[in-house]
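Here is a short set of exercises to work through with the model open beside you. Try each task before you read its solution.

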Amino acid sequence: MKSRVFIPALSLALTVCGMWGAPPGKCENLEAFLSKDQQFWVEGLAEFVEDGEEHLKQTDVKPAVAGKLEIFTGIAESYQIPVEDLEKAYSIAVERAAQKSMERLRERIEKESSISDADIAFLMGGIAKFLKFNYGNLVEDYSGKIAGKELKEALKECASLRLSPMVEAFISSEDCSALLKEFPKDVKRVVFGQLQKRERELLSNPSLTDKPNLRYILENLKRFDFAGG
């Protein structure tokens with residue numbers, strides 16, 4: 001796993017206490033917060049992804065397809081498929097794959113006993129960026145594996161496409177394969193774009209989440225005025 005170099009959390013605590021001239025009790029509380037073991041911070045990351053996963057299911061995500069208009073138009077004309085339905089099916093497939101990829105991301109983090117710099121990801125801000133840096137490839141690889149299945153199911157759910165003999169021809173074509181090459185990147189964009197959006201909301205108002213570790217972390221980030229809060 002890739003990692004970045006950050007200031008150790010405890011050293012940061014002492015530096016901040018010195019800068020503030022904070023009373024001993026407050027510094028002790030800050031030190032206790034920053035001295036939580038790695039498993040605590042890993043659980044916080046897992047809860048953050050779980051919160052994002054739940055939030056994504058309640059969000060009407062519209063993956064950008066504007067940059068693929070020429071591709072969609074060409075496919076629609078070749079296979080006599082309404083371009084609007086093709087775009088809709090692709091967007092549905094990306095959204096569903098994003099939900100499954102986020103679930104896979106959470107499961108992966110839950111299995112980790114420690115993640116280097118997990119604490120600093122919270123303290124210095126950029127939780128979603130940290131996850132993307134360390135797990136972006138996982139999301140791309142997994143979504144690439146399920147891309148064909150998700151698109152096929154989404155295409156067959158569209159009323160105008162369900163009975164079209166051209167849909168099967170498209171699914172097994174090189175045109176479909178070319179389109180699916182873009183699929184993992186679009187899923188990755190949705191996953192980490194949604195996590196970044198949710199991060200901003202939670203940092204602004206930690207009470208929006210019911211995840212205990214995550215909420216505790218976010219409330220203390222605000223309390224001690226870290227970059228993350």
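**Exercise 1. Are phenylalanine 40 and tryptophan 41 buried or exposed, and which aromatic cluster do they belong to?**

Solution. Please keep in mind that this is a predicted model.
- Step 1: begin with burial. Phenylalanine 40 and tryptophan 41 are both buried.
- Step 2: widen the view to the cluster. Phe40 and Trp41 join Phe33, Phe122, Tyr216 and Phe224 in one aromatic cluster.
- Step 3: count the aromatic pairs. With ring centres required to lie within 6.5 Å, the count comes to nine aromatic pairs.
- Step 4: look at the geometry of one of them. Phenylalanine 40 and tryptophan 41 form an edge-to-face pair, 5.4 Å centre to centre, with 85° between the planes. The label follows because planes over 60 degrees apart count as edge-to-face.

**Exercise 2. Which helices hold phenylalanine 72 and tyrosine 90, and how many residues apart are they?**

Solution.
- Step 1: check the pair itself. Phenylalanine 72 and tyrosine 90 form an edge-to-face aromatic pair, at 5.4 Å centre to centre and 70° between the planes.
- Step 2: place the partners. Phenylalanine 72 is in helix α4 and tyrosine 90 is in helix α5 (residues 83–110), so this pair links distant parts of the chain, 18 residues apart.
- Step 3: add burial. Both phenylalanine 72 and tyrosine 90 are buried.

**Exercise 3. Where is lysine 68 found, and which residues does lysine 68 touch?**

Solution.
- Step 1: locate the residue. Lysine 68 is found in the loop between α3 (38–57) and α4 (69–79).
- Step 2: assign its burial. The relative accessible area of lysine 68 is 8%, so this residue is buried, the cut-off being under 20%.
- Step 3: list the contacts. Leaving aside residues up to four places away in sequence, lysine 68 touches Tyr90, Leu179, Glu182, Asp186 and Arg189. Tyr90 is the residue that pairs with phenylalanine 72.

**Exercise 4. At what angle do α3 and α12 pack, and which residues meet there?**

Solution.
- Step 1: take the axes. α3 and helix α12 (residues 212–223) pack at about 105°, and their axes are 8 Å apart.
- Step 2: classify the angle. This makes α3 roughly perpendicular to α12, because angles of 65 to 115 degrees fall in that class.
- Step 3: name the residues. From α3 come Phe40, Trp41, Glu43, Gly44, Glu47, Phe48 and Asp51, and they meet Pro212, Asn213, Leu214, Tyr216 and Ile217 of α12.
- Step 4: sort them by class. The contact of α3 with α12 has seven nonpolar, two polar and three charged residues.

**Exercise 5. Within how many Å do the axes of α3 and α11 come, and which residues make the contact?**

Solution.
- Step 1: again start from the axes. Those of α3 and helix α11 (residues 183–204) come within 10 Å and cross at roughly 105°.
- Step 2: classify. α3 is roughly perpendicular to α11.
- Step 3: name the residues. Phe48, Val49, Asp51, Gly52, His55 and Leu56 in α3 meet Gln194, Leu195, Arg198, Glu199, Glu201 and Leu202 in α11.
- Step 4: sort by class. Five nonpolar, three polar and four charged residues make up the contact of α3 with α11.

**Exercise 6. Which residues does alanine 46 touch?**

Solution.
- Step 1: place the residue. Alanine 46 is in helix α3.
- Step 2: assign its burial. Alanine 46 has a relative accessible area of 7% and is therefore buried.
- Step 3: find the contacts. Beyond residues up to four places away in sequence, alanine 46 touches Arg106, Ile109 and Glu110.
- Step 4: compare sequence with space. Alanine 46 and glutamate 107 are 61 residues apart in sequence and 7.9 Å apart in space, C-alpha to C-alpha.

**Exercise 7. Are aspartate 117 and aspartate 225 buried or exposed?**

Solution.
- Step 1: recall the background. Most residues other than glycine have a negative phi.
- Step 2: read the angles. Phi is positive for aspartate 117, near 70°, and also for aspartate 225, near 60°.
- Step 3: place them. Aspartate 117 is in the loop between α5 and α6 (118–123), while aspartate 225 lies in the segment after α12.
- Step 4: assign burial. Aspartate 117 counts as buried at 14% relative accessibility, whereas aspartate 225, at 61%, counts as exposed.

Terms used
Residues numbered from 1 in each chain as written. Predicted model: local features only at pLDDT ≥ 70, side-chain atom pairs only at ≥ 80, totals over all residues. Heavy atoms only, no water. Helix = DSSP H or I, 4+ residues; strand = E, 2+ residues; numbered from the N terminus. Buried < 20%, exposed > 50% of the residue type's maximum accessible area, 1.4 Å probe, protein only. Contact = heavy atoms within 4.5 Å. Axes fitted to C-alpha atoms, helices over the stretch in contact; angles between N-to-C directions. Parallel < 35°, antiparallel > 145°, perpendicular 65-115°, else oblique. Nonpolar A, V, L, I, M, F, W, Y, C, P; charged D, E, K, R; others polar. Phe/Tyr/Trp six-rings, centres within 6.5 Å; stacked < 30°, edge-to-face > 60°.
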